[in-house]
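Here are some worked exercises to try with the coordinates open beside you. Have a go at each task before reading its solution.

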Amino acid sequence: GRRAFLARIEQETGELVVITTTGDGWTEENRTLRLQLHNSTHRGITGRVAITGEPYVTANVEADPHYIRHFPDVRSEVAVPFFDAEGRVRGVLNVDSDRPAAFVAEHCEQLTTFANAIAVALAFDEYRSRERMLVEIGLDLAATTEIEPLVRRVVEVSAEVLRCEGCSVFLLDEATQMLTLQASRGTLHLRVGEASYALGEGLTGTVALTGETIRLDNPRDDPRWVGRHTEFVPDAPGAFLAVPIGGRDRILGVLRVSRPRSSPAWFHARFTESDERVLRTVASQLGIAIENVRGFNRLVRSERMAAWGELSAKSAHMIGNRTFAIKGDINELKHVLSQSAEFKQMEERGFLREASALVESIERGIYRLEDILREFRDFVMATQLTKAAADLNAMVAEAVHETFPRRTTIALEETYAAGIPPVRCDIEKVKRALSELVENAVSFMPDGGRLRVTTSIVESGQHPGYARLAPHRRYAQIELADTGPGVARDIKQRIFTPFFSSRVKGMGLGLSIVKGIVDAHHGAIREVGEPGTGAQFLIYLPLNGDKSSP
């Protein structure tokens, strides 16, 4: 041959690109232009080999219907494809000659041998590149203490390793149970913090709900496709791959990559099993890193809470001493008011009644202050547990009967499942949480209604999607459902937030205390009732004896 070149199909664009040349007449300009017409017209000998995946020999280029002239001295040409591990054409090796009929079948066989060696070399080079990038991202994630730069780095590396233009990370917000965009590459990056999916919504929401990977050549043909938040314009999405970001015991979000539809006919933009393995590896590293960051933040918060606990204990002791002294002074004042002859003479003019009313008001204020101190102390101490094996049904029944009013127009319905194994928990803390929920339910049904209390077992693999439970654990479920007004949708995400309350009484720490207690047991609490038909609280506690239980 007089000259030769090696062309590779770019995964990002699907275009044939000359990556190396040899022989006469090559310049940087004509190397760049060599396949320009092939890419734009889907013609040419190189393009034909890329489309068919078959070698091609022409003895006379002037009479060949596929030939596109580039060098004036070419008389004959031979081209062979090379493939990746999935059998896709990844490029073409092309040789031309200034002599007619310069190539025969034997030359095709020789070039095919060379092309196979090229394919192995390129695959090995790609493997080393991926390995290096995975090591780098592992080091980056291990050193990162903030989630925002962490997910941005993952998006950059994933797009580079998989040679794709679109990549996004959606993380699950535990409060809202929505997947919210945290980082993206492509036009979608303008909607970070805004674009979101509900669990089970679209392909992304389905991955988060089921924990399964979705890999599609054309996502728009899938019935789960909604096309709400894509990295490309609505009619452009091509191949799609999404994997769950898994934590130690729950799904934290979704990492997805996509490629636009390609115009070159020889290019198949689909993601491969190898791509899927790489992305799952990255998602696994990301999940561990996110949990490490959150664990670090929890440690910082727990240290702060410990300091608050110490401060509150000292403050409560000091304030308690003063309130006790004030209560003693008030009792003495009441005695003086009731026994003093001078005050009795003032009673006729109403002064004694006014003084007594002021004393009663001060007493109520002191009692309220004691309630606030007790509620704040419970909030601080919620996560400090003393665990023991407990009979779940007996514990629930005891907490309900201690709290539920004896004289009421509210009907109490109890259903306790048989055969629930012991639950290792802090019995008093769990009863405290249940009592809070019962009190809430009763307070929201002043004109009567129904409170339903049930227990059951949730087997591994049968968890409801909204619960976000560890997939291989069994849980005991406690349900408290009432027929009150329910929880409005616009405040569902806030009801477990400290100092938020829709009731006049209390500091708004009640449900945050409940959540703190449940979280400390590695459980979960969800409110799943329909507004207008009643509140429905579900508590999940890991069963004692489960090998994955803490």
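Is C164 buried or exposed, and what is its relative accessible area? C164 has a relative accessible area of 3%. The cut-off for buried is under 20%, so C164 is buried. Keep in mind throughout that this is a predicted model.

**Exercise 1. Check the cysteines**

Task: Find how many disulfides the model holds, and examine C164 and C167.

Solution:
- Step 1. A disulfide needs two cysteine sulfur atoms within 2.5 Å.
- Step 2. By that rule the count is zero disulfides. For C164, the nearest cysteine sulfur belongs to C167 and is 5.8 Å away, and C164 is in no disulfide.
- Step 3. Seen from the other side, C167 has the sulfur of C164 as its nearest, at 5.8 Å, and is in no disulfide either.
- Step 4. Now add accessibility: C167 has a value of 0% and therefore counts as buried.

**Exercise 2. Follow the chain from α5 into β6**

Task: Compare the expected and actual span of helix α5, then describe the loop residue R163 and the strand β6.

Solution:
- Step 1. Helix α5 has 15 residues, and at 1.5 Å a residue it should span 21 Å. The expected span uses one less than the number of residues. The C-alpha atoms at the ends of α5 are 21 Å apart, which agrees.
- Step 2. Look at burial in α5: the buried residues include L150, V151, V154 and V155.
- Step 3. R163 comes just after α5 and takes a positive phi of about 50°. R163 lies in the loop between α5 (147-161) and β6, and is a residue other than glycine.
- Step 4. Strand β6 covers residues 166-173, and seven of its eight residues are buried.
- Step 5. Identify the partners of β6. With β11 (residues 251-260) the pairing is antiparallel over six bridges, and G166 has S258 as its bridge partner there. With β7 (residues 178-185) the pairing is also antiparallel, over seven bridges, and F170 stands opposite L181.

**Exercise 3. How enclosed is helix α6?**

Task: Decide from its residues whether α6 is largely enclosed or not, and say what follows α6.

Solution:
- Step 1. List the buried residues of α6: G202, L203, T204, G205, T206, V207 and A208.
- Step 2. Seven of the nine residues of α6 (residues 202-210) are buried, so α6 is largely enclosed by the rest of the structure.
- Step 3. After α6 comes G211, with a positive phi near 75°.

**Exercise 4. From N393 to the strands around β15**

Task: Trace the contacts of N393, then work out how β13, β15 and β16 are arranged.

Solution:
- Step 1. N393 sits in helix α10 (residues 392-403) and is buried, at 18% relative accessible area.
- Step 2. Leaving out residues up to four places away in sequence, N393 touches Y416, A417, I420 and T455. With T455 there is a side-chain polar contact of 2.8 Å.
- Step 3. Strand β13 (residues 410-416) runs parallel to β15 (residues 449-458), joined by seven bridges. In this pair, E413 is matched with R452.
- Step 4. Eight bridges join β15 to β16 (residues 475-482), and these strands run antiparallel. S456 stands opposite Q477.
- Step 5. R452 also forms a salt bridge with E479, with the closest N and O atoms 2.6 Å apart. The pair links R452 in β15 with E479 in β16, 27 residues apart. E479 is buried at 10%, whereas R452 is partly exposed at 26%.

**Exercise 5. Salt bridges**

Task: Count the salt bridges and characterise the R3–D96 and R90–D84 pairs.

Solution:
- Step 1. The count comes to 27 salt bridges.
- Step 2. R3 and D96 meet at 3.4 Å, N to O. This pair links distant parts of the chain, with R3 in β1 (residues 3-9) and D96 in β5 (residues 89-97), 93 residues apart.
- Step 3. R3 is buried at 5%, and D96 is buried at 3%.
- Step 4. R3 and D96 belong to a network of salt bridges that also links R2, D24, D73 and D98.
- Step 5. For R90 and D84, the closest N and O atoms are 4.0 Å apart. R90 counts as buried at 11%, and D84 counts as buried at 16%.

Note on methods. Residues are numbered from 1 along each chain as its sequence is written. This is a predicted model: local features need pLDDT of at least 70, side-chain atom pairs count only at pLDDT 80 or more; totals for chains, interfaces and linings use all residues. Side-chain values use heavy atoms; hydrogens and water are left out. Buried means under 20% relative accessible area, exposed over 50%, partly exposed in between (1.4 Å probe, protein chains only). Helices (H or I, at least four residues) and strands (E, at least two) are DSSP runs, numbered from the N terminus. Two strands pair if DSSP finds at least two bridges between them. A polar contact is a pair of N or O atoms within 3.5 Å; within protein, one must be able to donate a hydrogen and the other to accept it, and residues adjacent in sequence count only if both atoms are side-chain atoms. Contact means heavy atoms within 4.5 Å. A salt bridge is a side-chain nitrogen of Lys or Arg within 4 Å of a carboxyl oxygen of Asp or Glu.
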